[in-house]
Number of protein chains: 2
Amino acid sequence: MKRRRAATAFNTILKALERTTELPQLQLISEQLRDYFEVDHIVYHWVSGSGTQYGCGTYDDAWVQRYVDQDYLRVDPVVLGCFQRFTAVDWKKLNWTSKAARGFLEDAQAHGVGNQGFSVPVHGPNGQFALFSVNHDSDDDTWFEFIENNRRNLILVAHYFNEKALEFEPDRAPEATAALSPREVDAMTFLAMGYSRAQVADTLSISEHTLRVYIESARHKLGAANTTHAVARALQNGLIVI
Amino acid sequence: MKRRRAATAFNTILKALERTTELPQLQLISEQLRDYFEVDHIVYHWVSGSGTQYGCGTYDDAWVQRYVDQDYLRVDPVVLGCFQRFTAVDWKKLNWTSKAARGFLEDAQAHGVGNQGFSVPVHGPNGQFALFSVNHDSDDDTWFEFIENNRRNLILVAHYFNEKALEFEPDRAPEATAALSPREVDAMTFLAMGYSRAQVADTLSISEHTLRVYIESARHKLGAANTTHAVARALQNGLIVI
DNA sequence: AATTCCCTCCCCCAAAATAGCGGGAACCTT
DNA sequence: AAGGTTCCCGCTATTTTGGGGGAGGGAATT
């Protein structure tokens, strides 16, 4: 089987990233990556529900603070565009037409953010989402060539950054949500698909009374207040797939 | 900024993968990767809801057929274990204790699956999930060294395989789901959190009648049969985050 | 300047979901 | 062989949702 490859500056940084055991070190590594890639900025941006976010990178503190203060998370086309996307994307390809987006762009550039950008969305289980971005000030051709040549390494480092960020994040719902029984999974699945109780019971060829027992049971296991909540939790925890 | 790196056999294969425009070519590339890594098997396994799955790789057809026939998707500890996980994992670390899992393992090895395995889970938006696995027959030390030396390339190729599989998959939710208005998002979010209509109305400081309008509106936009369905869709489409 | 959303509020009634109680048989893991 | 789960069925009560309808003001986009 394949043996070790030759060491490069990039591999050295990646190795350091792999071995990182503390959150603050990610900041240092982002700076090393910026210097290695010779770009203006490197940013890892982790987004959770309820507007919770964590970021590290080389943006000016003033810009980061402004981003938070202005709740730009809800405006930033990079975040909005990447959230439902799975492939890396050039910022030029995103939708900057809305008034809010244009205002955001102006503000960003006023705070030292370059005109070119490239972001790698990373999705984890339970809907976890993060972005790894490189940012630079250059013309289109130069930028395009840079991305072509470094796309793979950017994807790779995005993956590692996310792995580390999740590793250090205590918020990583351990919750050990009790697994559901097969029938409970069936029930939750069909409910998530929009079936009424009567339809689910019919589909599973059981009485509606029995079905109710499953739903109740699942609800209690999931600590849910009602069926909708239970389905949401089951989806979020990956217990059901629709 | 950084320029092109030296070409290697791996880079050549990855380049071919990047440029693939047809689904059947993934099969060919998996064989090239197997030969490059000098392992027994390379498999990409895409799992969608309702038991839909797509796979390509170097496993024997007989084993693939048996996997489908026996509905091993619901048993396979590799699938079950990786679904809720974000990091690559060695098969030895998974939970093989259940009776069904042991039976599955025996069956797999009888069909030419090696004793060692390593899988990279890949999550996409909307809960999309896939696995990229390498499989081999060897002792622990050799395997461990192999994984250590090739982890990055495996992660990278997993990412590209998934990108291609999704690109070719017409099932890729055409994302025709119209965006929700801010109030509709609020409503869906609180409902997903288990609030009753009365509680949501109270939280948003609007009448319950008004709230209903939002729920109805969101339901229609999402093409959902009921609130539970609407919340499930909103979650799945990344329109709300809880 | 016009149009298209979005937000807010109100009515009615049928349908569905929730909460609590009870039972017994089959199947795993221990 | 025991103990735990899962699986199936029954009842009644109250509360919550669903599916129609209509109406006006305001903000943003075209």
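Which backbone N or O atom lies 3.1 Å from a phosphate oxygen of DNA strand D? The numbered points below answer this and describe the surroundings.

1. Basis of the note. The model is predicted, so that local features need pLDDT of at least 70 and side-chain atom pairs count only at pLDDT 80 or more, whereas totals for chains, interfaces and linings use all residues. Residues are numbered from 1 along each chain as its sequence is written, chains are lettered from A and ligands numbered from 1 in the order in which they are written, and side-chain values use heavy atoms, with hydrogens and water left out.

2. Contacts with DNA strand D. The backbone atom in question belongs to Arg197(B). A side-chain N or O atom of Thr210(A) is likewise placed 3.1 Å from a phosphate oxygen of the strand. Arg212(B) addresses a base instead: one of its polar side-chain atoms is 2.5 Å from a base oxygen of DNA strand D.

3. The surface near DNA strand D. In total 20 residues surround the strand, and the closest are Ser181(A), Arg183(A), Arg212(B), Arg219(B) and Thr227(B); a residue is near a strand if one of its heavy atoms lies within 4 Å of it. Of the strand atoms that come within 4 Å of the protein, 72% belong to sugar and phosphate. By residue class, the surface comprises 8 charged, 7 polar and 5 nonpolar residues; Asp, Glu, Lys and Arg count as charged, Ala, Val, Leu, Ile, Met, Phe, Trp, Tyr, Cys and Pro as nonpolar, and the others, Gly among them, as polar. Helix α9(A) gives the most, with 6 residues; helices are DSSP runs (H or I, at least four residues), numbered from the N terminus.

4. Glu184(B). This residue lies in helix α7 of chain B (residues 182-192) and is buried, with a relative accessible area of 4%; buried means under 20% relative accessible area (1.4 Å probe, protein chains only). Its side chain makes a polar contact of 2.8 Å with the side chain of Lys221(B). Here a polar contact is a pair of N or O atoms within 3.5 Å; within protein, one must be able to donate a hydrogen and the other to accept it, and residues adjacent in sequence count only if both atoms are side-chain atoms.

5. Relation of the chains. Chain B is superposed on chain A by a rotation of 180 degrees with 0.2 Å of shift along its axis (RMSD 0.3 Å), using least squares on the C-alpha atoms of residues with pLDDT of at least 70 in both. The two copies are therefore related as by a two-fold rotation axis.

How values were computed: Helices (H or I, at least four residues) and strands (E, at least two) are DSSP runs, numbered from the N terminus. Buried means under 20% relative accessible area, exposed over 50%, partly exposed in between (1.4 Å probe, protein chains only).
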